[in-house]
Amino acid sequence: MKDPRRQTHHVRRYSAAILGLTLLSGCAPFFGQEDPEAVGGGPSVEDVTITMVDVDFNPNKEIIPAGTEVMVHLPNEGSLGHNFSIDELDIDVDVAAGETKTITLEAPAGTYTYYCAKPGHRALGMEGTLRVVQP
Ligand SMILES: [Cu+2]
């Protein structure tokens, strides 16, 4: 009699599938709970936005975590072309009026100055302070 054996086999595979599903759904909440921890501690990608206007940065003070990849969004809402430069980090990005550029930086702890390299803009106060602190 082949049929009973087959059935047993089927039942076994079926329960294996159920066990797999149970394990999967059991894991889902665990992964969901990892997100808040990543924000507070370990390496994660952060986002900041520094808006350019005529002629200023908003904000002109920013704090980011050290040793962490940070995406810096740079929208230029002014009517002039502007620039975002940090000499120590070799950053020098032109942003045309109405455009947004995004850069990724990762810096050691310290205090950096960002400024607009367009002629005269820095003298008019288009600069700011980036503090990079140990998370
Ligand atoms: Cu400028």
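## Overall composition

Of the 135 residues of the protein, 13% count as buried. The model is a predicted one, with a mean pLDDT of 80 for the protein and 67% of its residues at 70 or more. One helix and 10 strands make up its secondary structure. Read from the N terminus, the elements follow the order α-β-β-β-β-β-β-β-β-β-β. Among the contacts in the protein with a separation of 6 or more, 60% come from residues 24 or more positions apart.

Confidence is not uniform along the chain: over residues 8–42 the pLDDT stays under 50, and the model has two contacts beyond four places in sequence for this stretch. Where pLDDT is low, the predicted coordinates should not be read in detail.

## The three-stranded sheet

Three strands form an open sheet in the order S1-S5-S8, and their pairing is mixed. Strand S1 (46–49) and strand S8 (100–105) occupy the edges; each has a single partner strand, so one side of each is left without a neighbour in the sheet. On average, and with direction ignored, neighbouring strands of this sheet are turned by 20° against each other.

The pairing of S1 with S5 is parallel and extends over four bridges. Within strand S1, Asp47 stands opposite Met71 in S5.

## The nonpolar core

The largest nonpolar core consists of 12 residues: Met52, Phe57, Ile64, Val70, Val72, Leu74, Phe84, Tyr114, Cys116, Met126, Leu130 and Val132. Two or more residues of this core come from each of strand S5 (70–75) and strand S10 (127–133). S5 gives the most, with three residues.

Ile64, one of the core residues, has contacts that reach several parts of the chain. With neighbours within four places in sequence left aside, Ile64 is in contact with Glu46, Val48, Val70, Leu130 and Val132. Among these partners, Val70, Leu130 and Val132 also belong to the core.

## The S6–S7 hairpin

Strand S6 (residues 82–86) and strand S7 (residues 91–95) run antiparallel and are joined by five bridges. The two strands form a hairpin with four residues between them. Asp90 lies in the loop between S6 and S7, and its phi is near 55°, a positive value in a residue other than glycine. Asp90 is exposed, because 8 other C-beta atoms lie within 10 Å and the limit for an exposed residue is 12 or fewer.

Ser85 is placed in strand S6 and stands opposite Asp92 in S7. In a regular strand the side chains alternate between the two faces of the sheet. Ser85 is partly exposed, with 18 other C-beta atoms within 10 Å; a residue would need 20 or more to count as buried. Beyond its neighbours within four places in sequence, Ser85 is in contact with Ile91, Asp92, Tyr114, Tyr115 and Ala117. The C-alpha atoms of Ser85 and Ala117 are separated by 6.6 Å, although the two residues are 32 residues apart along the chain. Tyr114, another of the contact partners of Ser85, is a member of the largest nonpolar core.

## The loop between S9 and S10

Arg122 lies in the loop between strand S9 (110–115) and S10. Arg122 has 16 C-beta neighbours inside 10 Å and therefore counts as partly exposed. Not counting residues up to four places away in sequence, Arg122 touches Tyr115, Cys116 and Glu127. Of these, Cys116 is listed in the largest nonpolar core, and Tyr115 is also among the contacts of Ser85.

A further spatial relation links this loop residue to an earlier part of the chain: Arg122 and Asp56 are 66 residues apart in sequence and 8.6 Å apart in space, C-alpha to C-alpha.

## Cis peptide bonds

The peptide bond from Asp54 to Val55 is cis, with omega near -15°. Val55 is found in the loop between strand S2 (51–53) and strand S3 (56–58).

A cis peptide bond also leads from Asn58 to Pro59, where omega is near 5°. Pro59 belongs to the loop between S3 and strand S4 (61–65).

How values were computed. Residues numbered from 1 in each chain as written. Pairing = 2+ DSSP bridges. Contact = placed C-beta atoms within 7 Å. Core = buried A, V, L, I, M, F, W, Y, C linked by C-beta atoms within 7 Å. Axes fitted to C-alpha atoms, helices over the stretch in contact; angles between N-to-C directions. pLDDT = per-residue confidence, 0-100.
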